[in-house]
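Visitor: I've got a model open and I'd like to learn how to read it feature by feature. Can you walk me through it?

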Amino acid sequence: MTEDGMPRELISREVLDRRVGELADEIERDYADSEELLCVGVLKGSVFFMSDLLQRLSRPLVVDFFQTSSYRGETTSPGEVRIRRDLDHSLAGRDVLLIEDIVDTGYTMRTIMALMGFRGARSVRLCVLLDKACKRETPVQIHYRGFEVDDVFVVGYGLDYDDRYRNLPYIGVLEEPGASE
Ligand code: PRP
């Protein structure tokens, strides 16, 4: 924490903005010849990143949201993910861009990507702001990656600790969160 009690800055707003712009340019190029893109944000962490990313795209797209949560601390098999909010749109024949704030163990994305394929999406790509690759327990293919981060507790720009700090305009580190992400 800094002297004023705020999380220490890891990625500044300026660096975030630049990288989000680069990702948007890449996505715009890759989908130049495709039909309307279905952009799916994973609540709640992705909303700040998703908002900035999609405002930089000029191609036709539709916005939808999905929400999951892990069965943390319960007696279930590791990696079991519960769906808390489903999509409004059908996936059949659609090009889907999944937008996520962070991939940690990979279980959330593994579950969501498998489900999208099962529902008949034509293509599914994943755009992730932060990749905590050192914590991965199951492989995940990331098509657009903002930054790789070490095993630190990151908050801000959508990422939370107990639903707090999401509105920090930068990515910060909580040194003593007292809980796991
Ligand atoms: C976080 C994050 C990812 C997931 C990544 O979501 O936004 O969805 O955990 O973890 P994994 O790779 O280990 O599965 P969380 O369930 O904390 O919800 P939130 O987005 O509302 O913060």
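Guide: Let's start with the ligand. This is a predicted model, and 14 residues surround the ligand, with Glu100, Asp101, Thr105, Gly106 and Thr108 coming nearest.

Visitor: Which element gives the most residues to the shell around the ligand?

Guide: Strand S5 does, with four residues. S5 and helix H3 each supply at least two residues of that shell.

Visitor: How do the shell residues divide into nonpolar, polar and charged?

Guide: You get four nonpolar, four polar and six charged residues around the ligand.

Visitor: Which polar side-chain or backbone atoms lie by the ligand's oxygen atoms?

Guide: Take the side chains to begin with. Asp101 has a polar side-chain atom 2.6 Å from a ligand oxygen, and Asp160 places one 3.1 Å from an oxygen atom of the ligand. From the backbone, a polar atom of Gly45 sits 2.9 Å from a ligand oxygen. As for burial, the ligand taken alone exposes 500 Å², and the protein buries 86% of that.

Visitor: Now the sheets. What is the strand order in the sheet of six?

Guide: Read across the sheet, not along the chain. The order is S4-S3-S2-S5-S6-S7, the sheet is open, and the pairing is mixed. Strand S4 (81–85) and strand S7 (144–148) are at the edges with a single partner strand each, so one side of each has no neighbour in the sheet. From one strand to the next, the twist averages 25 degrees.

Visitor: In which sense do S2 and S3 pair, parallel or antiparallel?

Guide: Parallel: strand S2 (residues 37–43) and strand S3 (residues 61–70) pair over seven bridges. If you want a spot to zoom in on, Gly41 stands opposite Phe65 in S3.

Visitor: Which strands does each helix lie across?

Guide: Helix H2 (residues 47–55) lies across S2, S3, strand S5 (95–103) and strand S6 (123–131), and runs at about 165 degrees to S3. Helix H3 (residues 107–118) lies across S2, S3, S4, S5 and S6, at about 170 degrees to S5. That's the H3 that also supplies at least two residues of the ligand shell.

Visitor: What about the sheet of three strands, what order does it have?

Guide: That one is open too, in the order S1-S9-S8, with antiparallel pairing. Its edge strands are strand S1 (8–11) and S8, and each pairs on one side only. S1 and S9 are joined over three bridges in the antiparallel sense, and Arg8 stands opposite Val173 in S9.

Visitor: Last topic: backbone geometry. What is the usual picture for phi and for peptide bonds?

Guide: Most residues other than glycine have a negative phi, and most peptide bonds are trans. Here, the peptide bond from Leu43 to Lys44 is cis, with omega near -5 degrees. Lys44 belongs to the loop between S2 and H2.

Visitor: And which residue has a positive phi although it is not a glycine?

Guide: Tyr157, with a phi of about 50 degrees. Look for Tyr157 in the loop between strand S8 (154–155) and strand S9 (171–173).

Methods
Residues numbered from 1 in each chain as written. Predicted model: local features only at pLDDT ≥ 70, side-chain atom pairs only at ≥ 80, totals over all residues. Heavy atoms only, no water. Pairing = 2+ DSSP bridges. Axes fitted to C-alpha atoms, helices over the stretch in contact; angles between N-to-C directions. Contact = heavy atoms within 4.5 Å. Near = heavy atom within 4 Å. Polar contact = N/O pair within 3.5 Å; in protein donor to acceptor, adjacent residues only side chain to side chain. Areas by Shrake-Rupley, 256 points an atom, 1.4 Å probe, with all protein chains shown as cover. Nonpolar A, V, L, I, M, F, W, Y, C, P; charged D, E, K, R; others polar.
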